[in-house]
Amino acid sequence: MLYSQRPVITDRPVCTLRSLRSVALTVSDPKASRDFYHEVWGLTAVDEDGDRFWLRATGTEHHVLDLRPGDTNSLGGISFALAAPRDVDEAALALDRIGVPMLRTPGMLDDAGGGYGLQFVDPEGRTIELSADTFAVSSQEPGGRRAVPRKIAHVVLNTTDIERTVQFYTQVLGMRISDWSERQMAFLRCNSDHHVIAFNQATWPSVNHIAYEMTSIDHFMRGIGSLHAHGIAPQWGPGRHGPGDNTFSYFTDPAGLVCEYTSEVAQIDEDAWLCRTWRRTPELSDTWGTAGPPSTSVRTAMAGIPDLGARSLVTPRDADYFYGAPEMAGIS
């Protein structure tokens with residue numbers, strides 16, 4: 001069924017998203033992942049609680065990555081910024097009205113970054129946090145030469161129903177579709193960045209990859225050079241994507257999750273931008289023509305493993321709220 005033919009979920013978004021704040025990942029060895037992202041990737045470890053770790057980039061968010069212990073790789077959650085606590089309260093009322101289950105009602109967050117927020121569970125089990133009033137931090141070397149990320153650029157998620165998932169994020173969270181890659185990928189924005197989240201049609205829900213933005217293309221290339229010095233080569237890249245016009249170079253971390261350096265993400269003029277559908281061809285996947293095809297290992301890592309998320313922790317009003325469970329795709 002085409003996206004435009006689906007029933008309307010809500011006639012207005014529950015909130016106005018300001019930016020992508022952070023991503024939480026559950027991994028079997030958080031310390032090994034912490035060491036990689038702190039010592040090699042360029043993030044800075046800012047807080048810890050046992051075997052849970054928070055890491056920041058050079059931007060103004062307290063942290064961009066939250067590493068948690070678990071038996072298998074999974075998405076712990078995605079955090080988006082709202083303007084003020086009142087927006088969080090209003091979003092909670094709107095979410096309840098349309099039957100979106102909340103994992104955490106509005107209140108002070110016990111996260112290392114503080115703030116006031118809520119958490120809800122999307123129709124494929126992902127935990128989404130909406131927060132405001134988090135701890136302020138100052139920028140670190142915004143114009144310096146260190147080849148380190150300044151923020152999370154975007155998160156790409158695998159979905160079993162791209163049309164339905166895109167409808168949820170556009171109607172409920174007010175995100176806008178910047179571009180399509182045929183009907184295989186959708187790129188969504190909440191501010192001027194071409195995309196802060198993207199969905200990839202797949203067999204099961206999982207994390208595809210997380211991209212970290214470098215300050216410039218020079219920082220991007222020196223970041224790749226720094227990884228080379230650690231004996232780590234790109235599994236795809238460097239190159240430049242058609243959708244988003246951003247540079248890319250993909251690697252895998254110690255947990256086997258895919259991380260990307262990127263830079264020069266296209267900026268959107270809301271009054272002039274036209275959404276397009278890009279063909280999935282090598283010359284549009286990499287307009288430079290330098291990257292070659294992605295390796296088999298990185299394709300496998302991008303597919304991830306089935307992730308049920310927080311489905312078991314909430315009881316939605318609508319019995320058909322959740323979809324895309326692995327058993328529905330024949331995965332035991």
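User: Before we start, what does partly exposed mean here?
Analyst: Buried means under 20% relative accessible area and exposed means over 50%; partly exposed is in between. This is a predicted model.

User: OK. Then is E48 buried or partly exposed?
Analyst: Partly exposed, because its relative accessible area is 49%, and the class runs up to 50%.

User: Which residue does E48 pair with?
Analyst: R34. Their side chains form a salt bridge, at 3.7 Å from N to O.

User: Where do R34 and E48 sit?
Analyst: R34 is in helix α1, residues 30-41, and E48 is in strand β2, residues 44-49. The salt bridge therefore ties together parts that are 14 residues apart in sequence.

User: And why does R34 count as buried?
Analyst: R34 has a relative accessible area of 13%, and the buried class is anything under 20%.

User: Which residues share a salt-bridge network with R34 and E48?
Analyst: K31 and D35. Salt bridges with shared partners join them to R34 and E48 in one network.

User: How many salt bridges are there in the whole structure?
Analyst: The search finds 20. One of the pairs is E61 with R21, where the closest N and O atoms are 2.9 Å apart.

User: Where are E61 and R21 in the chain?
Analyst: E61 is in the loop between β3 (52-56) and β4 (65-69). R21 is in strand β1, residues 19-27. The pair links distant parts of the chain, 40 residues apart.

User: Are E61 and R21 buried or exposed?
Analyst: Both E61 and R21 are buried.

User: Switching topic. How many residues of α3 are buried?
Analyst: Nine of 10. Helix α3 covers residues 162-171 and is mostly covered.

User: Which ones are they?
Analyst: I162, E163, T165, V166, Q167, F168, Y169, T170 and Q171.

User: What do the buried residues of α3 pack against?
Analyst: Six strands' worth of residue ranges, listed in chain order: β7 (116-121), β8 (127-132), β9 (149-159), β10 (176-181), β11 (185-189) and β12 (197-201).

User: You listed E163. Which residue forms a salt bridge with E163?
Analyst: R183. The closest N and O atoms of R183 and E163 are 2.9 Å apart.

User: Where does R183 sit?
Analyst: In the loop between β10 and β11. E163 is in helix α3, so this pair too links distant parts of the chain, 20 residues apart.

User: Which of the two is buried, and which is partly exposed?
Analyst: E163 is buried, at 8% relative accessibility. R183 is partly exposed, at 40%.

Notes
Residues numbered from 1 in each chain as written. Predicted model: local features only at pLDDT ≥ 70, side-chain atom pairs only at ≥ 80, totals over all residues. Heavy atoms only, no water. Buried < 20%, exposed > 50% of the residue type's maximum accessible area, 1.4 Å probe, protein only. Helix = DSSP H or I, 4+ residues; strand = E, 2+ residues; numbered from the N terminus. Contact = heavy atoms within 4.5 Å. Salt bridge = Lys/Arg side-chain N within 4 Å of Asp/Glu carboxyl O.
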